[in-house]
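Thanks for sending this one over. Here are my notes, in the order I found most useful for reading the fold.

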Amino acid sequence: MASAQLHHAALDEIGQEIVDGVRPVGSVLTLADLEQRFVVSRTVAREIMRILEALGMVRSRRRVGITIRPRSSWNVLDPLVVRWRLAGAEHDRVLLDVTELRASLQPMAAELAARNATPEQRQRLSELADEIVRTSRQPEKASAMAEAELDFNTLLLRATANELFFGFSGMVRLVQRLDGPAGVEPGLVWAERYRRIAGAVAAGDAETARIASRAQVAQGLAAMATRVGPRPTLTEPPSTDDWSV
C-alpha cells in the first residue's frame, strides 16, 4: 500500500510540474532522478515514465533520455491530464474547453437517447429530473441537486447506446466533482430544462429532446464564457502523431 501511494504521489507531482511548465518542453528527466527524489525503486520509476509516455507528455529515446513533449502531443482527454490542468493555472480554460465540447455533444446525445434508451433508462431520467427540480427549490440541498444532475447527465450519455458518447461521461463527472456544475447558478428555469429533456426522451421525441438540450447547454456555455473571459489562442499546432495509421 505504501509503495502504491508513493507511486501515485510521484506521478501526480511530476505530471503537475509538466502541466505547470516547471519542467519545460525539451527538458530531460532521468530514472535516477526519480529514484532519488521520491525514494522509489527503479521499477516504480519506470512505471511512472511509462504512464507519462502513454499520456504523450514525455518521450524516451536511446542516447537522449526522457524528454518533455509539447502540450500538442498530450492526451488532453485523459482524466489524469484533465485533473492536473484543473489544479493549475489552466483551470478556467479547461472548464471552458469541456463546456464547449459538452455543448456540441449533449444535444445529439439527447436525440440518440430518445431513440435508443431502454424503458428503465427513460423512467430513471424522469425520476432524476424530478429530483433536480425538487432540490432546486431548496438552497440547503445544493449538493443533492448537483449529484442528481451528475447522474442525469451520465445516464443520458449511457442511454445513447453509443460507447464513445458514454466514454465522455467520465470527463463530465471528473470536472463536475472537482468544480461543481458547469458555471450555472441553480434555479428553477435551469432545473425545468432537465424535466423537458427527460419528458422528450420518455416520449421518444428525438427532435424535442435535441432542442431542449441545446437550450440547456447554451445557457451553461454562456455562463461559463462570461466567467472565463476571452479564450487564449493556441500557441502550438495540433499534433497528428497519435492519428497516423
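1. Let me begin with helix 4, residues 79-86. In this predicted model, V81, V82, W84, R85 and L86 of that helix are buried. Note that R85 is on this buried list along with V81, V82, W84 and L86. Just at the start of helix 4, D78 places a side-chain oxygen within 2.8 Å of the backbone nitrogen of L80.

2. Now for the overall layout. The chain holds ten helices and three strands, and read from the N terminus the order is α-β-α-α-β-β-α-α-α-α-α-α-α. Of its 245 residues, 42% are buried. The exposed surface comes to about 13,000 Å², with 56% of it supplied by carbon and sulfur atoms.

3. A word on the contacts. Taking those with a separation of 6 or more, 70% are between residues 24 or more positions apart.

4. The sheet deserves a look of its own. Its three strands are arranged in the order 1-3-2, as an open sheet with antiparallel pairing. Strand 1 (28-29) and strand 2 (58-61) are the edge strands, and each has a single partner, so one side of each has no neighbour in the sheet. Strand 3, residues 65-68, is joined to strand 1 by two bridges; V28 has T67 of strand 3 as its bridge partner.

5. What lies across these strands? Helix 3 does. This helix, residues 42-54, lies across strand 1, strand 2 and strand 3, and runs at about 115 degrees to strand 2.

6. Which helices build the largest nonpolar core? That core has 25 residues, and L125, I132, F152, L156, I197 and V201 have the most contacts inside it. At least two residues each come from helix 5 (91-116), helix 6 (119-136), helix 7 (142-158), helix 9 (188-203) and helix 10 (206-228). Helix 9 is the biggest contributor, giving seven residues.

7. If you want one residue to centre your viewer on, try F152. Leaving aside residues up to four places away in sequence, F152 touches L125, L128, A129, I132, Y194, I197 and A198. Among these, L125, I132 and I197 are also on the list of residues with the most contacts inside the core.

8. Finally, there is another core, of 24 residues, lying apart from the one around F152. Its members include L11, M49, L55 and W74.

Terms used: Residues numbered from 1 in each chain as written. Predicted model: local features only at pLDDT ≥ 70, side-chain atom pairs only at ≥ 80, totals over all residues. Heavy atoms only, no water. Core = buried A, V, L, I, M, F, W, Y, C linked by side-chain atoms within 4.5 Å. Buried < 20%, exposed > 50% of the residue type's maximum accessible area, 1.4 Å probe, protein only. Helix = DSSP H or I, 4+ residues; strand = E, 2+ residues; numbered from the N terminus. Contact = heavy atoms within 4.5 Å. Polar contact = N/O pair within 3.5 Å; in protein donor to acceptor, adjacent residues only side chain to side chain. Areas by Shrake-Rupley, 256 points an atom, 1.4 Å probe, with all protein chains shown as cover. Pairing = 2+ DSSP bridges. Axes fitted to C-alpha atoms, helices over the stretch in contact; angles between N-to-C directions.
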